[in-house]
Amino acid sequence: MDEKELELVIVSPEKTIFKGYVKWVDLPGEVGRFQVLINHAPIVSSLIAGEIKYQCGDARFRVKRDVQVLEIKGGFVEVKNNQVSVCVEI
C-alpha cells in the first residue's frame, strides 16, 4: 500500500464486493454525504440509501482509473488507520 492510499473493503451479507486501494471514498452518511481521504480521523457511521463512490489508482505508475459507483440501500462504515470497512445492503 502506498502511504497516499486507503485500503477499502466493501462487503454485503452475501459476498465481498470490493477489496483494494483507493485515493478517496465518498459515502451517503445518515446526516449527509462525506468523503474519506488519507489520514481521516477514526469514525463509525451508519449509511443511508444512495451511492458509494471511490477512485482506484496505482500510485507506483501514477495511473488514475475511473470513479467507481455502487448503489446501496444502507449500511455502516468504520474508518481507522487508513482502512475503510463498509458493510452494505445492495
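**Strand pairing around β1**

In this predicted model, strand β1, which spans residues 6-11, and strand β2, which spans residues 16-29, run antiparallel and are joined by 6 bridges. The two strands form a hairpin, with 4 residues lying between β1 and β2. Within this pairing, V9 has K19 of β2 as its bridge partner.

Strand β1 is also joined to strand β8, made up of residues 83-89, through 5 bridges, and here the two strands run parallel. In this second pairing, E7 of β1 stands opposite Q83 in β8. Strand β1 is thus bridged to β2 in an antiparallel manner and to β8 in a parallel manner.

The residues of β1 can further be grouped by the face of the strand to which they belong: L6, L8 and I10 make up a covered face, whereas E7, V9 and V11 make up an uncovered one. Both E7, which stands opposite Q83, and V9, which is the bridge partner of K19, belong to the uncovered face.

With regard to the protein chain as a whole, the secondary structure comprises 8 strands and 0 helices, so that the order of elements from the N terminus reads β-β-β-β-β-β-β-β. Of the 90 residues in the chain, 39% are buried, and the accessible surface amounts to about 5700 Å², with 50% of this area belonging to carbon and sulfur atoms. When contacts between residues at least 6 apart in sequence are considered, 47% of them join residues that are at least 24 apart.

Technical notes: Residues are numbered from 1 along each chain as its sequence is written. This is a predicted model: local features need pLDDT of at least 70, side-chain atom pairs count only at pLDDT 80 or more; totals for chains, interfaces and linings use all residues. Side-chain values use heavy atoms; hydrogens and water are left out. Buried means under 20% relative accessible area, exposed over 50%, partly exposed in between (1.4 Å probe, protein chains only). Two strands pair if DSSP finds at least two bridges between them. Contact means heavy atoms within 4.5 Å. Accessible areas come from the Shrake-Rupley method with a 1.4 Å probe; for residues, only the protein chains shown count as cover.
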